[in-house]
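Me: I would like to examine how certain structural terms are justified for this protein. Please set each value against its definition.

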Amino acid sequence: MTHQVPNAEIITIGDELLYGQVIDTNSAFLGQELGKLGIRVRQISSVSDRAEEIVQALDAARQRASLVLITGGLGPTKDDLTKHILTDYFGTELVLHEPSLRDVEAIFARYNRPMLEVNRQQAFLPASCTPIRNVMGTAPGMWFEDRGVVFVSMPGVPFEMKRMMTDIVLPKLKEHFHTPAIEHVVIQTVGLGESFLAERIADWEDALPANIRLAYLPYVGGVRLRLTGTDDGQPNLRERMRALLPALREKLGQHIFAEGEVTLEAAVGELLRERGLTIGTAESCTGGFVAHKLTSVPGSSTYFKGSIIAYDNTIKINDLNINPESLTTHGAVSETVVREMAEGLRQHLKVDVAIATSGIAGPDGGTPEKPVGTIWIAYADAHRTVSRLLSFNRGRQLNIEYTTTVLLDMLRTNLPM
C-alpha cells in the first residue's frame, strides 16, 4: 500500500468521442467516484484510436499523476487497440487467462450463441497485469503497476465500466492508496441563480471551517450546494458539517427543497405522497415534458393520474373545457387560458391539483406582443388558482426545461397541507 494520496488522470479512447458521435459520460462518473475517496482528478483527455496518440497520452499522464484510469478500446474489433498497446507499453506479452475465458464462454452459452475466435481472443491478457473481472461483458479490465504509477484499463461501455469500477476497482484503490476521510453534504436549491445565491450566503461561506469547502453546481433553474469536509483529526465530521445547515436554511428559506442527491421532481413527489394528493398536467408548449419529469420518479403512479397535451386549440376546448371566447379574446398564450387549462384538467381527471403550461417555446412563432419565450404557467387546487408569466428565450429545449423547473417549484410551494 502506498501512503500518498494520488493525483488521478482519466484517458478516454475512441474516435467516436472526438467526432461527437458518443458523449463521454464515463469521465463524469469516474470523477465523482474518485472524489468520494478524496482522490482528485487533475486532467481528462480523449484520444483517437491511433497507437501513437494513445502512447503519447500514457507518457504525458504518468508525468502528472500516480493513478491513470483508461476507458475504451477493449472490444473484439480491429479498431480496439488498447490491450495490445498496453502489452507493448509495459514490455510484456499476451497470455490466456482461463477464468476470463470461462466468463466469455458463459456469456455466449447464456444467450445460446456461438462464440467466435475474436471473442476467445478477449481472454488473452498482458502477463504483467492483474485481470479485472467483467461480469457484464466479454472484455476484462486490467490493473498495472509500473514505476510508482497505477494504470487501470476498463471497457468504454458505460454499464460495464461502472459495474467493474464499483465492484472491484474502487475497493482495490482504497486498499492501495491511503486516502483521507472525506464527507459530502449536498443541499438542493431552486429559483436563485448562482451569483445571487453566492451573494446571499457570502458571510456564511466565509465562516466555514478551513477543512470544509463549498462548491456551486448549477443546473437548469437551480444550484446544488456541495459541502466537502476532510478529516481534521476531530470526531463526528459529518455531524459537524450538518450542524452548519440551519444557518444556511435561515438565509435561503424555501429556495432549499432537499438535502442529498434528490431531484426536484422526486422532492415534489414525496410531498404529494405524504399529503395523499393526486395530480395531473395540462401541457401545450412543454409537450409532455412536465409529465415525463413527474413520472420518472419510481412510485409516481400513487399520485400521478394523467396528462393532456393540448397543442391544438380544439383539444383545449373539447378536453379541457376552455371557453372559445377566451381563446378568441386573449389567445392560447395568455393568463386566462392557462388558468382555465389547469382548472379544466383538475375537473376532467378528478385530481386534487393540476398544473398547466401554454407558451411560445420557439425558435419561431413569436410576435412583437408575445415574443419567443413568453410562457404562462398555472397551478390549481380546490381552493385557488395561481398563475405566473415567464419571459425568457434560451432556445427551444432550454425554454421547455426552465419552464418545467419553475412550474414544479410553483407546485411544491403551493401544495395544500
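The exchange below concerns a predicted model and takes up a helix pair and then a pocket.

Me: Why are α14 and α16 called oblique to each other?

Reply: Helix α14 (residues 313–320) and helix α16 (residues 335–349) pack at an angle of about 40°, and their axes are 9 Å apart. Angles under 35 degrees count as roughly parallel, and 65 to 115 as roughly perpendicular. The angle of about 40° falls in neither range, and the two helices are therefore oblique. Their crossing is left-handed.

Me: How do you know that α14 and α16 are in contact, and which residues meet?

Reply: Contact requires heavy atoms within 4.5 Å. On the α14 side, Lys 316, Asp 319 and Leu 320 take part; they meet Val 337, Glu 340, Met 341, Gly 344, Leu 345 and His 348 of α16. By class, the contact comprises 4 nonpolar, 2 polar and 3 charged residues.

Me: What makes a residue part of the lining of a pocket, and which residues are closest to the centre of the largest pocket?

Reply: A lining residue has an atom within 4 Å of a pocket point. The largest pocket holds about 740 Å³ of space. It is lined by 20 residues, and Gly 31, Gln 32, Gly 35, His 184 and Arg 226 are the closest to its centre.

Me: Which element gives the most to this lining, and how do the lining residues divide by class?

Reply: Helix α2 gives the most, with 5 residues. Elements giving two or more residues include β2 (40–47) and β9 (182–190). The lining has 6 nonpolar, 7 polar and 7 charged residues, with Gly counted as polar.

Note on methods:
Residues are numbered from 1 along each chain as its sequence is written. This is a predicted model: local features need pLDDT of at least 70, side-chain atom pairs count only at pLDDT 80 or more; totals for chains, interfaces and linings use all residues. Side-chain values use heavy atoms; hydrogens and water are left out. On a 1 Å grid over the protein atoms alone, a cavity is a set of points where a 1.4 Å probe fits but cannot get out, and a pocket is an open set with protein on both sides within 12 Å along at least five of seven lines; lining residues have an atom within 4 Å of a point. Grid points are joined across faces, edges and corners, and a volume is the space filled by probe spheres set on the points. Helices (H or I, at least four residues) and strands (E, at least two) are DSSP runs, numbered from the N terminus. Axes are lines fitted to C-alpha atoms, for helices over the stretch in contact, and angles run from 0 to 180 degrees between N-to-C directions. Angles under 35 degrees count as roughly parallel, over 145 as roughly antiparallel, 65 to 115 as roughly perpendicular and the rest as oblique. A crossing is left-handed if the near helix is turned anticlockwise from the far one by less than a right angle, and right-handed if clockwise.
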